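Colleague: Please pick one part of this model and go through it closely, starting from a single residue and working outwards. I would like the contacts spelled out, and then whatever else in the chain deserves a check.

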Amino acid sequence: MSRDRGPLRLRRLDRSALIAASVTVLSLTASGCMVVHGEREVLPATTKAEAAKALQQFTNAYNAADKAYDSSLDAAHVTGALGAIDAARLKAGKANSPSGNASHTPLKLSDVTYTIPKKAGWPRWFVADAAGNKGGTARWLFVFTRDGMNEPFQVAYLTLVAEGKVPQFKKDADGWAEAVPADSTGLATEPGNLSKDYTNYLKSGGDGFADGSHTSVWRADRAKGAIRPGLATQYIDEPLANDAYAPLALRTTDGGALVFFATHHYVKETAASGTSVPDPGAAVLALTTGEIKQSLMMEFVSNEVALDPPKGAGGRQVDVIGRIQGLTSAKGS
């Protein structure tokens, strides 16, 4: 009578596989080569030398693209909100000036500070804070991000912030910053909800955001623009928080966070019967499809940076300290 040797054979195979795996691990350890799983290990996003190199590569590509009005020259260095804004700006520039940007002035950055968080998982990212030869005394804040070790760093967010408004960041003994998760509940607003809460505020007002040029003043300006004689203007605001547009936040020394986030906006202008929409200008027309007869729908992408205080911090509200917005498309009808 034959005996069923299947389970025994399987046990031997399993044991052989375990031995082979153990030998492989021992071999890797002995040779000094180890595999680090970036999705699990808590590591700095990069080194300061690599961050400086990424900023220089971006600046070179950005200047080349701006000079030629050619988005292919910096497409590999931008993503997310900045990528959408930059590509549309260059497209419009090329349409109106095929030979390039006659008024091009190279962007030059100085006095750069790099804030690099230590975290697990992707994306890995860092912030560069620089002085620029444009924008007066405002600080240029760049957020570089990448989704894998073999991918380049790209700028997802670019905002200009008034001098003195950039907060101090919490750092460990080695100088690495702390990334704040999108679902952190210890803040006035969870970073992952900030885009939605901000667009709700723009629609309806209410509490939650401190008065300022990107909140109460912007709402007041839009209210005035909506009642121009002979022209009705409607505003549609939508959150933008997925994939390359996901918010990114750094812990500040007061227990709050500096949050970079994006939003999506539409502005529709409709002329009264018998009249037409005012000429929107060459830059808008370059991004417009359809014929502008009685209405024009313009689409914008905006990237913001906000100070999000600790929950219950003496009634402090979210303070939007910087915003850059760009037209990405338009449609006439």
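**Val-259 and its surroundings**

Modeller: With a relative accessibility of 0%, Val-259 is classed as buried, the cut-off being under 20%. The model is a predicted one. Val-259 belongs to strand β10, which runs over residues 257–271. Once neighbours up to four places away in sequence are set aside, the residues in contact with Val-259 are Pro-191, Leu-194, Pro-247, Leu-248, Ala-249, Glu-304, Val-305, Ala-306 and Asp-308. Among these, Val-305 is 46 residues away along the sequence, while the C-alpha to C-alpha distance between Val-259 and Val-305 is 5.5 Å.

Another partner, Ala-306, sits in strand β12, and the span of β12 is 295–308. Ala-306 is buried too, because its relative accessible area is 0%. The contact with Val-259 appears again from this side: Ala-306 touches Leu-194, Ala-257, Leu-258, Val-259, Phe-261, Val-318, Asp-319, Val-320 and Ile-321, again without residues up to four places away. Leu-194 therefore deserves a note, because it is in the contact list of the buried Val-259 and also in that of Ala-306. For Val-318, 12 residues from Ala-306 along the chain, the C-alpha separation is 6.6 Å.

Following the chain past β12 brings in Pro-310, in the loop that leads from β12 to β13 (319–332). Pro-310 has a relative accessibility of 15%, so this loop residue counts as buried. Beyond its neighbours within four places, Pro-310 is in contact with Gly-186, Leu-187, Ala-188, Asp-254, Gly-255, Gly-256 and Arg-316. The C-alpha atoms of Pro-310 and Leu-187 are 4.3 Å apart, for a sequence separation of 123 residues.

Next comes the core to which β10 and β12 contribute. The largest nonpolar core holds 23 residues, and the members touching the most others are Trp-125, Val-143, Tyr-157, Leu-258 and Phe-260. Two or more residues come from each of α3 (80–96), β4 (124–132), β5 (139–146), β6 (154–161), β9 (248–251), β10 and β12. Val-143 gives a view from the inside: apart from neighbours within four places, its contacts are Trp-125, Phe-126, Val-127, Gln-154, Val-155, Ala-156, Tyr-157, Leu-248 and Phe-260. Separate from this core is another one with 19 residues, including Ala-45, Ala-51, Phe-153 and Val-155.

Phe-126 and Val-127 also turn up around Thr-115, whose contacts outside four places in sequence are Phe-126, Val-127, Phe-169, Lys-171, Ala-177 and Leu-250. Thr-115 is part of strand β2 (109–115), and its relative accessible area of 4% makes it buried. Elsewhere in β2, Asp-111 has a relative accessible area of 55% and so is exposed.

Some backbone values should be checked by eye. Most residues other than glycine have a negative phi, and most peptide bonds are trans. Asp-111 has a positive phi, near 50°. Asp-243, likewise not a glycine, has a phi of about 55°; this residue lies in the loop between β8 (231–240) and β9. Its relative accessible area is 73%, so Asp-243 is exposed. The bond from Trp-122 to Pro-123 is cis, its omega being near 0°, and Pro-123 is located in the loop joining β3 (117–119) to β4.

Leu-194, the partner of Val-259 named earlier, also falls at the start of helix α4 (194–204). That helix packs against α5 (216–225) with an axis separation of 9 Å and an angle of about 45°. The two helices are therefore oblique to each other, and their crossing is right-handed. On the α4 side the contact uses Tyr-198, Tyr-201, Leu-202, Lys-203 and Ser-204; on the α5 side it uses Ser-216, Trp-218, Arg-219 and Arg-222. By type, these contact residues are 4 nonpolar, 2 polar and 3 charged.

As for the whole protein, it has 6 helices and 13 strands. Of its 333 residues, 42% count as buried. Among contacts with a separation of 6 or more, 67% join residues 24 or more positions apart. The pair Val-259 and Val-305, at 46 residues, and the pair Pro-310 and Leu-187, at 123 residues, are examples of such separations.

Conventions: Residues are numbered from 1 along each chain as its sequence is written. This is a predicted model: local features need pLDDT of at least 70, side-chain atom pairs count only at pLDDT 80 or more; totals for chains, interfaces and linings use all residues. Side-chain values use heavy atoms; hydrogens and water are left out. A nonpolar core is a set of buried Ala, Val, Leu, Ile, Met, Phe, Trp, Tyr and Cys residues joined through side-chain atoms within 4.5 Å. Buried means under 20% relative accessible area, exposed over 50%, partly exposed in between (1.4 Å probe, protein chains only). Helices (H or I, at least four residues) and strands (E, at least two) are DSSP runs, numbered from the N terminus. Contact means heavy atoms within 4.5 Å. Axes are lines fitted to C-alpha atoms, for helices over the stretch in contact, and angles run from 0 to 180 degrees between N-to-C directions. Angles under 35 degrees count as roughly parallel, over 145 as roughly antiparallel, 65 to 115 as roughly perpendicular and the rest as oblique. A crossing is left-handed if the near helix is turned anticlockwise from the far one by less than a right angle, and right-handed if clockwise. Ala, Val, Leu, Ile, Met, Phe, Trp, Tyr, Cys and Pro count as nonpolar, Asp, Glu, Lys and Arg as charged, and the others, Gly among them, as polar.
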